[in-house]
Amino acid sequence: MREALRVVIDPELGESIVDLGFIYDIAVADGVVSITMTATTPGCPAAGFLKESAQAAASAVPGVVSADVTMTFEPAWDPSRIAPAVRVSLGFAAVN
């Protein structure tokens, strides 16, 4: 499922929601996918787009009968969640 979600690109940062650490949890049971994700801030203008795109990407996976995406801001996202290689490319190299 994480690979399927890699096609969802944050329009502001230009990287996948997986590599940015926006995906907090994925649960799959009997073709039903539940995803818990976040965005950079609660006021992120792309949050709705990211949620809808994640749902569409998950729904496109063979065998998935439904996909539900929940946005949360607990815990708050921070740059330490970014994949190391992407962190460097975005200029967050000093963040642990």
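The exercises below, each with a worked solution, concern a predicted model.

**Exercise 1.** Determine in which sense strand 2 and strand 3 pair, and which residue of strand 3 is the bridge partner of Ile35.

Solution.
- Take strand 2 as residues 32–37 and strand 3 as residues 66–71.
- The two pair in the parallel sense, over six bridges.
- Within strand 3, Val69 is the bridge partner of Ile35.
- Adding helix 2 (residues 47–59) to strand 2 and strand 3 gives a β-α-β unit, which is right-handed.

**Exercise 2.** Describe the largest nonpolar core and find which element gives it the largest share.

Solution.
- The core has 25 residues.
- Those with the most contacts inside the core include Phe22, Ile35 and Leu50.
- Two or more residues come from each of strand 1 (23–29), strand 2, helix 2 and strand 3.
- Helix 2 supplies the largest share, five residues.
- For Phe22, set aside neighbours within four places in sequence; the contacts then include Ile17, Met37, Leu50 and Trp77.

**Exercise 3.** Work out how Glu3, Arg6 and Asp19 are linked, and whether Arg6 is exposed or partly exposed.

Solution.
- The structure holds two salt bridges.
- One joins the side chains of Arg6 and Glu3, at 2.9 Å from N to O.
- Arg6 also forms a salt bridge with Asp19, where the closest N and O atoms are 2.5 Å apart.
- Both Arg6 and Asp19 lie in the loop between helix 1 (2–5) and strand 1, so the pair ties together parts 13 residues apart in sequence.
- Glu3, Arg6 and Asp19 therefore belong to a network of salt bridges, a salt bridge requiring N and O within 4 Å.
- With a relative accessibility of 30%, Arg6 counts as partly exposed, whereas Glu3, at 57%, is exposed.

Methods
Residues are numbered from 1 along each chain as its sequence is written. This is a predicted model: local features need pLDDT of at least 70, side-chain atom pairs count only at pLDDT 80 or more; totals for chains, interfaces and linings use all residues. Side-chain values use heavy atoms; hydrogens and water are left out. Two strands pair if DSSP finds at least two bridges between them. Helices (H or I, at least four residues) and strands (E, at least two) are DSSP runs, numbered from the N terminus. A crossover is right-handed if, with the strands pointing away from the viewer, the path from the first strand over the helix to the second runs clockwise. A nonpolar core is a set of buried Ala, Val, Leu, Ile, Met, Phe, Trp, Tyr and Cys residues joined through side-chain atoms within 4.5 Å. Buried means under 20% relative accessible area, exposed over 50%, partly exposed in between (1.4 Å probe, protein chains only). Contact means heavy atoms within 4.5 Å.
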